[in-house]
Amino acid sequence: DKHFEVVAFSPRRDHFAVIFRDTTERHKAQLIIEHNEKRFRRLFDMSPVTLFEEDISELQDYLDQLRVRGVNDFKKYFEEHPEELVHCAQKVEIVDVNLSTLKLFGAKTKEELLGAVDKLFDSNSLKGFSKIVEAIARGLNDISFETTNVGMDGGLIDIHLTYSLLVYPNQDRPNRVIVSVVDITPIKQAERVIRESEERFRSVTEGSHEGILIADSETQAFSY
């Protein structure tokens, strides 16, 4: 099928002109873009990984303002002004979240989750967010780290977070971010149980008046 853009005008009285411009290729390109966007949206929504899509344009503008005010060392600046991190967090717009995000945080709907974003942060979350802000200020496209969030029920969630800036060709300033979150709570809980068990064992052995012999089954070495 052919697609045309039609422009009709009157060059002079009692005359009528029509210009046809072939827009078939532009129409095909638009269809491809729409198809890719729908495909991306399906992959985003159905991904088993927790995903946030965010717009950081306001945050980028604010960091530019801080530079004009003479701020160069953002890590030091936010350590000295932690309240500024809260201000920065308010300048990040969460565009969308997927179904896995609702499940992880225990929200029934996207509206419920987005309306309680400030409740998902604890002091450790804010320290993690500072790493993201510093990465943005330094022009980094991605960063990963472990931190914590808080579920809708108030329970602590240990997570591994990856921040990735979406960079497209011929884009003046990328401002869309995908934040992926992996729940590592079971791993952290197991580590805590092992650590507590080792500490209890150590306290028992060090405080015991009985002789204790410990054998290593692999090296066949003994310790007392």
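Ser100 is buried in this predicted model, since its relative accessible area of 17% falls under the 20% limit for that class. The residue is part of helix α5, which spans residues 99–105. Setting aside residues up to four places away in sequence, Ser100 touches Ser47, Pro48, Val49 and Thr50. Of these, Thr50 belongs to strand β3, which covers residues 50–55.

**The chain as a whole**

The chain holds 224 residues, and 31% of them are buried. Its secondary structure consists of eight helices and nine strands. The accessible surface amounts to about 15500 Å², with carbon and sulfur atoms contributing 53% of that area. Among contacts with a separation of 6 or more, 51% are between residues 24 or more positions apart.

**The five-stranded sheet**

An open sheet is built from five strands in the order β4-β3-β7-β6-β5, with antiparallel pairing. Strands β4 (93–97) and β5 (142–150) occupy the edges; each has a single partner strand, so one side of each lacks a neighbour in the sheet. From one strand to the next, the twist averages 30°.

Within this sheet, strand β3 and strand β7 (residues 176–183) run antiparallel and are joined by six bridges. Which residue of β7 stands opposite Leu51? That residue is Ser180. At the β5 and β6 part of the sheet, helix α7 (residues 123–138) lies across both strands, where β6 covers 156–166. The helix runs at about 160° to β5.

**A buried cysteine**

Cys88 is found in helix α4, which comprises residues 83–89. With a relative accessibility of 0%, Cys88 counts as buried. Apart from neighbours within four places in sequence, Cys88 is in contact with Leu59, Tyr62, Phe78, Phe129 and Val133. Two of these partners, Phe129 and Val133, fall within the residue range of helix α7, while Leu59 and Tyr62 fall within that of helix α2 (residues 57–68). The C-alpha atom of Cys88 is separated by 9.7 Å from that of Ile56, a residue 32 positions apart from Cys88 along the chain.

**Salt bridges**

Side chains of opposite charge can pair when their charged atoms come close. In this model the count comes to 10 salt bridges. Three of them are listed below with their N to O distances.

| Salt bridge | N to O distance |
|---|---|
| Asp64 and Arg67 | 2.9 Å |
| Glu146 and Lys188 | 2.8 Å |
| Asp158 and Arg192 | 3.2 Å |

The pair Asp64 and Arg67 lies inside helix α2, where the two residues are three residues apart, about one turn of the helix. Asp64 is partly exposed, at a relative accessible area of 28%, and Arg67 is likewise partly exposed, at 33%. 

In the pair formed by the side chains of Glu146 and Lys188, Glu146 comes from strand β5 and Lys188 from helix α8 (residues 185–207), so the bridge ties together parts that are 42 residues apart in sequence. Glu146 is partly exposed, with a relative accessible area of 45%.

Helix α8 also takes part in the bridge between Asp158 and Arg192. Asp158 lies in strand β6 and Arg192 in helix α8, so this pair ties together parts that are 34 residues apart in sequence. Is Asp158 buried or exposed? Asp158 is buried, because its relative accessible area is 8%, under the 20% limit. Its partner Arg192 counts as partly exposed, at 32% relative accessibility.

Salt bridges that share partners also join Asp61, Asp64, Arg67 and Arg173 into one network. The Asp64 and Arg67 pair of helix α2 is thus included in this network.

**A nonpolar surface patch**

Phe4, Val6, Phe16, Val18 and Phe20 make a nonpolar surface patch of about 550 Å². Strands β1 (4–9) and β2 (17–22) each supply at least two of the patch residues. Val18 has its place in strand β2. This residue counts as partly exposed, because its relative accessibility is 37%, a value between the 20% and 50% limits of that class.

Terms used:
Residues are numbered from 1 along each chain as its sequence is written. This is a predicted model: local features need pLDDT of at least 70, side-chain atom pairs count only at pLDDT 80 or more; totals for chains, interfaces and linings use all residues. Side-chain values use heavy atoms; hydrogens and water are left out. Patches are made of residues with over 30% relative accessible area and no salt bridge: like charges are joined within 9 Å, nonpolar side chains (Val, Leu, Ile, Met, Phe, Trp, Tyr) within 5 Å. Accessible areas come from the Shrake-Rupley method with a 1.4 Å probe; for residues, only the protein chains shown count as cover. A salt bridge is a side-chain nitrogen of Lys or Arg within 4 Å of a carboxyl oxygen of Asp or Glu. Helices (H or I, at least four residues) and strands (E, at least two) are DSSP runs, numbered from the N terminus. Buried means under 20% relative accessible area, exposed over 50%, partly exposed in between (1.4 Å probe, protein chains only). Contact means heavy atoms within 4.5 Å. Two strands pair if DSSP finds at least two bridges between them. Axes are lines fitted to C-alpha atoms, for helices over the stretch in contact, and angles run from 0 to 180 degrees between N-to-C directions.
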